[in-house]
Amino acid sequence: MKDEKIETPQAMKIRQGIQDAMTYSLPDKKFSEKNIDLVEIDIELDNLGWNFHNYRILNLTDIHLGQWVNPEYLDALVDYVNTLNYDLITLTGDYVSYVLSDYDVVLKDCFSKLKAQDGKFGVFGNHDHWMSSKIMSDIFEKSGITNLNNDVHIIEKNGEYMNLCGVDSCTVCADNLDIVLEKLKEDTPSILLAHEPDFAKESSKTGKFDLQISGHSHGGQFIIPGFKTTPFRGPNSTKYPVGLYKVENMIQYTSKGLGTNSFRLRINCKPEITIITLKSSEKRQIPIE
């Protein structure tokens, strides 16, 4: 679906004005790492080359800047991210909520500050399209983020390869998996960025992807203690709302995200920064001298 056919609801602008006032009235609006859940996961891939063993991917998703998350908070969060140990950054959508005006400069500045040895890569969420994918594309370009919407970037390390792929938001029918499949390097491990986790039902059927990384659900903003799941599930996040899943032969990971939608309240569901460490199943003998 093209952007010009997606109308931004007028009510969103009114809602944003109210939201701005509420966000800046919060007593605890400053970033603190103690309020963030730094989730570290090891994921073994059968066809991953040894040169990618212990390769670390940091994922950020669902910032929803301007809705509870203010510019100062995001700036401090980026400073914290830059202190962490990772090789590459992925971003999986919904960077704003209701209005992009005035926040586009903030996003560009903060995304530009993000440091990653092997690059920064992102896809869009439904809110990014509702606001303007054209402006978001410009933000990506000016802040050094590779736009992976319906695209593939091949990462090479000492003669071994990995497909880093992205699909655009299926909520607004902008996804085109066929284009992605055409660009894949064959017999190569493939990681897919997809904003909506339930897209895993479609991507897993191809048998071409080893791992899908998503957001969108905010973890339901309430996780049942002891069960690691949520009863609150929205469109395109009903099957895989939070955490790790095995879908066909593909691993699906759904982050709780950084921001929230509608309500700020999170219960047993802290905002999340995810670091995925890839592990090779290849065995190597280490010579003892």
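Q: Which residues does isoleucine 273 touch, not counting residues up to four places away in sequence?
A: The model is predicted, and isoleucine 273 is among the residues with the most contacts inside its largest nonpolar core. Leaving out residues up to four places away in sequence, the residues that isoleucine 273 touches are Ile36, Asp37, Leu38, Val39, Leu58, Asn59, Leu60, Tyr80, Val81, Leu84 and Leu258.

Q: How many residues does the largest nonpolar core have?
A: In soluble globular proteins, nonpolar side chains tend to be buried together. In the largest nonpolar core here, the residues with the most contacts are Leu58, Leu65, Val81, Tyr95, Leu107, Phe111 and Ile273. The number of residues in this core is 35.

Q: Which element gives the most to this core?
A: In the largest nonpolar core, which has 35 residues, two or more residues come from each of E2, H2, E3, helix H3 (103–113), helix H5 (133–142) and E12. With six residues, the element that gives the most to this core is H2.

Q: How many residues are in the other core that lies apart from this one?
A: Apart from the largest core lies another, with Val39, Val123, Leu193 and Ile276 among its residues. The number of residues in this other core is 23.

Q: Which residues of H2 are buried?
A: An α-helix has 3.6 residues a turn, so residues three or four places apart point the same way. Helix H2 spans residues 71–81 and gives six residues to the largest core. Its buried residues are Pro71, Tyr73, Leu74, Leu77, Val78, Tyr80 and Val81.

Q: Which residue caps the N-terminal end of H2?
A: At this end of H2, a side-chain oxygen of the capping residue lies 3.0 Å from the backbone nitrogen of glutamate 72. The cap is asparagine 70.

Q: Why is E2 largely enclosed by the rest of the structure, and how many of its residues are buried?
A: Tyr55, Ile57 and Asn59 point one way from E2, while Arg56, Leu58 and Leu60 point the other way, and all are buried. Strand E2 is therefore largely enclosed by the rest of the structure, its count of buried residues being six of the six.

Q: Which residue in E12 stands opposite isoleucine 57?
A: Strand E2 runs antiparallel to strand E12 (residues 272–280), and five bridges join the two. Opposite isoleucine 57 in E12 stands isoleucine 276.

Q: Is the crossover from E2 through H2 to E3 right-handed or left-handed?
A: Strands E2 and E3 (residues 88–92) run parallel and are joined by four bridges, and leucine 58 has isoleucine 89 as its bridge partner in E3. The chain passes from E2 through H2 to E3, and this β-α-β crossover is right-handed.

Q: What is the phi of histidine 64?
A: Most residues other than glycine have a negative phi, and most peptide bonds are trans. Histidine 64 is in the loop between strand E2 (55–60) and helix H2 (71–81), and with a relative accessibility of 0% it counts as buried. Although histidine 64 is not a glycine, its phi is positive, at about 50°.

Q: What is the phi of glutamine 221?
A: Glutamine 221 lies in the loop between strand E9 (211–214) and strand E10 (243–247). Its relative accessible area is 11%, under the 20% cut-off, so glutamine 221 is buried. Although glutamine 221 is not a glycine, its phi is positive, at about 65°.

Q: Is phenylalanine 222 buried or partly exposed?
A: Phenylalanine 222 is found in the loop between E9 and E10. Not counting residues up to four places away in sequence, it touches Thr229, Thr230, Pro231, Phe232, Ile267 and Cys269. Its C-alpha atom and that of phenylalanine 232, ten residues apart along the chain, are separated by 7.2 Å. With a relative accessible area of 23%, phenylalanine 222 is partly exposed.

Q: Which side chain is joined to that of asparagine 126 by a polar contact of 3.4 Å?
A: Asparagine 126 is in helix H4 (residues 126–131) and is buried, with a relative accessible area of 4%. Beyond its neighbours within four places in sequence, asparagine 126 is in contact with Asp94, Ser169, Thr171, Val172, His195, Glu196 and His216. The side chain joined to it by the polar contact of 3.4 Å is that of histidine 216.

Q: What percentage of the residues of the protein chain count as buried?
A: The protein chain contains seven helices and twelve strands. Among its contacts between residues at least 6 apart in sequence, 75% join residues at least 24 apart. Its accessible surface comes to about 13,400 Å², of which 50% belongs to carbon and sulfur atoms. Of its 289 residues, the share that count as buried is 55%.

Technical notes. Residues are numbered from 1 along each chain as its sequence is written. This is a predicted model: local features need pLDDT of at least 70, side-chain atom pairs count only at pLDDT 80 or more; totals for chains, interfaces and linings use all residues. Side-chain values use heavy atoms; hydrogens and water are left out. Buried means under 20% relative accessible area, exposed over 50%, partly exposed in between (1.4 Å probe, protein chains only). A polar contact is a pair of N or O atoms within 3.5 Å; within protein, one must be able to donate a hydrogen and the other to accept it, and residues adjacent in sequence count only if both atoms are side-chain atoms. Contact means heavy atoms within 4.5 Å. Two strands pair if DSSP finds at least two bridges between them. A crossover is right-handed if, with the strands pointing away from the viewer, the path from the first strand over the helix to the second runs clockwise. Accessible areas come from the Shrake-Rupley method with a 1.4 Å probe; for residues, only the protein chains shown count as cover. A nonpolar core is a set of buried Ala, Val, Leu, Ile, Met, Phe, Trp, Tyr and Cys residues joined through side-chain atoms within 4.5 Å.
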